[in-house]
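Welcome! Open the model in your viewer, keep the selection tool handy, and follow along stop by stop.

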Amino acid sequence: VIHLGPKGADAFAGPAPGWHVPALAGPAVMDVTGAGDAAVAGLVWGLVSGYSVVEAAGLGQAAAAVKLQSHQSVASRLSGEELLLRARENEGHRIET
């Protein structure tokens, strides 16, 4: 998974073409501190929970979106349930080569 900041992430699993997972838009960015860490945490949580690389990348983008809408370095409302709700809003698409 290659994190692209405000552009989302590109996810690859093997030699097949990858997927682009866009960043989730939110109403306003409160603070960017910790957003990258949240994206990685959501990705890892997704992988250890049995989700595919692409699904886990979406969970990472969901975690970053929750963090960006909080003044806290670690958003207090960040939970697995919140990530799953947010990730459903975000459909990735195959990267064309």
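**Stop 1: Gln 69.** Select Gln 69, which sits in the loop between H2 and H3. Keep in mind throughout that you are looking at a predicted model. Is Gln 69 buried or exposed? Its relative accessibility is 18%, and buried means under 20%, so Gln 69 counts as buried. Now show what surrounds this residue. Setting aside residues up to four places away in sequence, Gln 69 touches Ala 25, Gly 26, Pro 27, Ala 28 and Met 30, and also Arg 77 and Arg 86.

**Stop 2: Ser 70.** Move along to Ser 70, in the loop between H2 and H3. Here the relative accessibility is 9%, so Ser 70 counts as buried. Which residues does Ser 70 contact, leaving aside its neighbours within four places in sequence? Select Met 30, Asp 31 and Ala 75 to see them.

**Stop 3: Val 74.** Next, click on Val 74, which lies in the loop between H2 and H3. At 62% relative accessibility, Val 74 counts as exposed, because that value is over the 50% cut-off. Try the distance tool from Val 74 to Ala 35: the two are 39 residues apart in sequence, and their C-alpha atoms are 8.7 Å apart in space.

**Stop 4: Helix H2.** Now select residues 53–68, which make up helix H2. Why does a distance of 22 Å between the end C-alpha atoms of H2 make sense? At 1.5 Å a residue, the 16 residues of H2 should span 22 Å, so the distance in the model agrees.

Next, colour H2 by burial. This helix is mostly covered, with twelve of its 16 residues buried. Among the buried ones are Ala 56, Ala 57, Gly 60, Val 66 and Lys 67. What do the buried residues of H2 pack against? Show the strands E1 (2–3), E2 (9–11) and E3 (19–21), then add H1 and H3, and you have the partners on screen.

**Stop 5: The nonpolar core.** Select Leu 24, Ala 38, Leu 59, Ala 62, Ala 63, Ala 65, Leu 83 and Ala 87 together: these eight residues form the largest nonpolar core. Helix H2 and helix H3 (80–87) each supply at least two residues of this core. Which helix gives the most? That is H2, with four residues. Then zoom in on Ala 87, which touches Gly 58, Leu 59 and Ala 62 when residues up to four places away in sequence are not counted.

**Stop 6: The largest pocket.** Switch on a surface and look for the largest pocket, with a volume of about 250 Å³. Its lining has 15 residues, and Gly 5, Pro 6, Gln 61, Ala 64 and Leu 68 lie nearest its centre. Helix H1 (35–48) and H2 each provide at least two residues of the lining. How do the lining residues divide by type? Ten are nonpolar, five are polar and none are charged.

**Stop 7: Gly 5.** Finish at Gly 5, found in the loop between E1 and E2. Gly 5 is partly exposed, with a relative accessible area of 46%. Apart from neighbours within four places in sequence, Gly 5 is in contact with Ala 23 and Gln 61. For a last distance, pick Gly 5 and Leu 59: they are 54 residues apart in sequence and 14 Å apart in space, C-alpha to C-alpha.

Note on methods. Residues numbered from 1 in each chain as written. Predicted model: local features only at pLDDT ≥ 70, side-chain atom pairs only at ≥ 80, totals over all residues. Heavy atoms only, no water. Core = buried A, V, L, I, M, F, W, Y, C linked by side-chain atoms within 4.5 Å. Buried < 20%, exposed > 50% of the residue type's maximum accessible area, 1.4 Å probe, protein only. Contact = heavy atoms within 4.5 Å. 1 Å grid on protein atoms, 1.4 Å probe; cavity = no way out; pocket = protein on both sides within 12 Å on 5 of 7 lines; lining within 4 Å. Points joined across faces, edges and corners; volume = space filled by probe spheres on them. Nonpolar A, V, L, I, M, F, W, Y, C, P; charged D, E, K, R; others polar. Expected span 1.5 Å × (residues − 1).
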